[in-house]
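Colleague: Got a minute to walk me through this one? I'd like to go through folds, core and pocket with you.

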Amino acid sequence: MAAAVMAACTTSTDPIPIATITLQPGLDSIELNATFNGWIVTLKDANNVTLTGRTLSWESNNAAVATIDASSGVVTGIGSGQSLITVRSEGKLAQSTIKVLQPVLSIVATPDSFDLPLTTSRTIAVQLVGPGGVALTNRVITWSSSSPNVAVVSTAGVVTSVSTGTTTVTVRAGTKQADVKVRVVGEPVNSVRITPQQSVHVIRIGQTKQLSAECLSATQQVLIGRTITWNTNNPVIASVGSTGLVSGNALGQATITATCDNTVNASTIAQITQIPVSSVTITPGSLSLAQGTQGQLTVTARDSANNVLSLQGRQVIWSSSNIPVAQVSVQGVVSGVSIGAAEIQVSVDGVVSAPIMVDVHAFLSLLMEPTTRSAPWPDGLFSPPIRRATTTESSGR
């Protein structure tokens, strides 16, 4: 009885028959002298249940192109061409084709680095080089981006920007690879707008005016975060600060330029002029001159805030209402020519003062006339002379 039991325990059952075998990939390629062991073999029974633990055998129908290890399925490429690979197990088989290709010795990617503006794409061109410098085609090429949050790359090598930053795009073929540095930058500046939008900005000498600049895209959208630099072609006339504040330094014109990202610029004219004259006065308010003498008048110009203005560079014109009596020079010096009266006026940049009156009278001379001594003086001196004022008329008496 015991022996019968032992016999029953050592009796093996037949394995479940293999119904189908599949072999993946259906087609693959390797380079000359390279190996491949990426086969996926699936065994299933009639109920489509996967079977394991079965013995597999491998063979190549073209050993001049590719040899295969009969038990492990490792393929070695030894010649250009293709071979049919067969895997067998328990009377079932599956087949796949493997190609043996000339090796890729190098990959040339063009360009090898570039800037890519936001919202744009660019294609990287690739050339595979084989033995003897021969260009290779019909090869599997893979692409990847080290920072897909900055830029992504398609299977055709088209790089599309996502956000500003840098990434490395890698292209692979065979055992070789090439890297392309990509920097994603802001959308390119198409034009610059200076505000206020005037072709000429009038600035009074000694005063300032604030200008602003905007960097614009091709669709006239304002691009923020760009670097704007300002400069002037004539700082003696008008200087400009880093914020666009223009200062009027001297009379004349200067060209003010704003540049975005050191690429695109726009210009405007700064016209530096005098502060307008609001009022003009003459001092003193009147003048009395002896015939043949002169007197100095002074002009004062003021702005609307009653500030005294410099006369430098301004048009100052003096005038007399009666030139035969009183004449006035360009420096405001009045000459008494003959007895009488005249009004003197002055205009500064076209603003006329109120007139002042100039009276020209006869010249007074003091004549020394000695008198007879009425009493003795000490030390034998005569009595002091008596001063009498007499007039010298224009007739010469």
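Modeller: Sure, and one term before we start: strands here are DSSP runs of E of at least two residues, numbered from the N terminus. Keep in mind that this is a predicted model.

Colleague: With strands numbered that way, which one gives the largest share of the lining of the largest pocket?

Modeller: Two elements give two or more residues to that lining, strand S2 (27–31) and strand S10 (92–101). The largest share is five residues, and it comes from S2.

Colleague: And what volume does the largest pocket have?

Modeller: Its lining has 16 residues, with Asp28, Ser29, Ile30, Leu101 and Val140 the closest to the centre. By type, the lining divides into six nonpolar, six polar and four charged residues. The volume of this largest pocket is about 360 Å³.

Colleague: Stepping back, how many strands does the protein have?

Modeller: The chain is 397 residues, and 32% of them count as buried. Of the contacts between residues at least 6 apart in sequence, 52% join residues at least 24 apart. As for secondary structure, there is one helix, and the strands number 43.

Colleague: Which strand supplies the largest share of the largest nonpolar core?

Modeller: That core has 22 residues, and those touching the most other members are Leu297, Trp318, Ala326, Val334, Ile344 and Val358. Several strands each supply at least two core residues, among them S31 (279–283), S34 (298–302) and S41 (356–361). The largest share is four residues, from S39.

Colleague: You listed Trp318. Which residues of the 328–332 stretch is tryptophan 318 in contact with?

Modeller: I'm leaving aside neighbours within four places in sequence. Elsewhere, the contacts of tryptophan 318 include Ile282, Leu297 and Ile344. In the stretch you ask about, they are Val328, Ser329, Val330, Gln331 and Gly332.

Colleague: Now serine 113: is it buried, partly exposed or exposed?

Modeller: Serine 113 sits in strand S12 (residues 113–117). Buried would need under 20% relative accessible area and exposed over 50%. Serine 113 has a relative accessible area of 40%, so it is partly exposed.

Colleague: What separates the C-alpha atoms of serine 113 and valine 182?

Modeller: Not counting residues up to four places away in sequence, serine 113 touches Val180 and Lys181. Valine 182 is 69 residues from serine 113 along the chain, and their C-alpha atoms are separated by 5.7 Å.

Colleague: Last one: what percentage of the accessible surface belongs to carbon and sulfur atoms?

Modeller: The total for the protein comes to about 22,600 Å². The part belonging to carbon and sulfur atoms is 54%.

Methods. Residues are numbered from 1 along each chain as its sequence is written. This is a predicted model: local features need pLDDT of at least 70, side-chain atom pairs count only at pLDDT 80 or more; totals for chains, interfaces and linings use all residues. Side-chain values use heavy atoms; hydrogens and water are left out. A nonpolar core is a set of buried Ala, Val, Leu, Ile, Met, Phe, Trp, Tyr and Cys residues joined through side-chain atoms within 4.5 Å. Buried means under 20% relative accessible area, exposed over 50%, partly exposed in between (1.4 Å probe, protein chains only). Contact means heavy atoms within 4.5 Å. Accessible areas come from the Shrake-Rupley method with a 1.4 Å probe; for residues, only the protein chains shown count as cover. On a 1 Å grid over the protein atoms alone, a cavity is a set of points where a 1.4 Å probe fits but cannot get out, and a pocket is an open set with protein on both sides within 12 Å along at least five of seven lines; lining residues have an atom within 4 Å of a point. Grid points are joined across faces, edges and corners, and a volume is the space filled by probe spheres set on the points. Ala, Val, Leu, Ile, Met, Phe, Trp, Tyr, Cys and Pro count as nonpolar, Asp, Glu, Lys and Arg as charged, and the others, Gly among them, as polar.
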